[in-house]
Amino acid sequence: MKKDTNSNYQDTKVTCACGNTFTVRSNKPELHVETCNKCHPFYTGTQNNNIKKGRIEKFNSKYGFTEKSA
Ligand SMILES: [Zn+2]
């Protein structure tokens with residue numbers, strides 16, 4: 001566990017497969033994702049089961065934003 005990991009966080013440009021881009025705080029210069037809050041089934045409402053709910057929560061956690069703070 002390196003204690004200075006957090007200091008490497010920066011504004012990271014995230015590019016989604018749908019073409020949407022947004023910025024998150026991350027220790028990587030850029031990220032590419034297959035789904036975002038613009039096109040993910042959970043947000044678009046095309047699918048609505050609990051498994052998808054779990055996936056979006058995991059997605060949010062991974063990319064540093066939560067439903068509470070979004
Ligand atoms: Zn997207």
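Two strands are taken to pair if DSSP finds at least two bridges between them, and strand β1 (residues 10-16) is joined to β2 by 6 bridges, the two running antiparallel. The legends below describe close-up views of a predicted model.

**View 1. Overall arrangement of the predicted protein chain, with 2 helices and 3 strands.** Followed along the sequence, these elements come in the pattern β-β-β-α-α. Of the 70 residues in the protein chain, 1% count as buried. Among the contacts in the protein chain that have a separation of 6 or more, 11% come from residues that are 24 or more positions apart.

**View 2. The open sheet of 3 strands, in the order β2-β1-β3.** The pairing within this sheet is mixed. Its edge strands are β2 (21-26) and β3 (30-33), each of which pairs on one side only. On average, and with direction ignored, neighbouring strands of the sheet are turned by 35° against each other. As a general point for reading such a view, side chains in a regular strand alternate between the two faces of the sheet.

**View 3. The hairpin formed by β1 and β2.** Between these two strands there are 4 residues, and Gly19, which belongs to the turn, has a positive phi of about 105°. Along the antiparallel pairing of β1 with β2, Thr15 is found opposite Thr21 in β2, while Lys13 is found opposite Thr23 in β2. Strand β2 is hardly covered, since the count of buried residues among its 6 residues is 0.

**View 4. The parallel pairing of β1 and β3.** Here the two strands are connected over 4 bridges in the parallel sense, in contrast to the antiparallel run of β1 and β2. One residue to locate in this view is Val14, whose bridge partner in β3 is Leu31.

**View 5. Surroundings of Asn8, in the segment before β1.** Is Asn8 buried or exposed in this model? Asn8 counts as exposed because it has 10 C-beta neighbours inside 10 Å, and a residue with 12 or fewer falls in that class. Asn8 and Lys28 are separated by 20 residues in sequence, and their C-alpha atoms are 8.3 Å apart in space.

**View 6. Surroundings of Thr35, in the loop between β3 and α1 (41-44).** Thr35 has 18 C-beta neighbours inside 10 Å and therefore counts as partly exposed, given that a residue is called buried at 20 or more and exposed at 12 or fewer. Which residues is Thr35 in contact with, once its neighbours within four places in sequence are left aside? The contacts of Thr35 under that condition are with Cys16 and His40. The view may also include Gly19, the residue in the hairpin turn that has the positive phi: Thr35 and Gly19 are 16 residues apart in sequence, with a C-alpha to C-alpha separation of 9.7 Å in space.

Notes
Residues are numbered from 1 along each chain as its sequence is written. This is a predicted model: local features need pLDDT of at least 70, side-chain atom pairs count only at pLDDT 80 or more; totals for chains, interfaces and linings use all residues. Axes are lines fitted to C-alpha atoms, for helices over the stretch in contact, and angles run from 0 to 180 degrees between N-to-C directions. Two residues are in contact if their C-beta atoms, placed from the backbone, lie within 7 Å.
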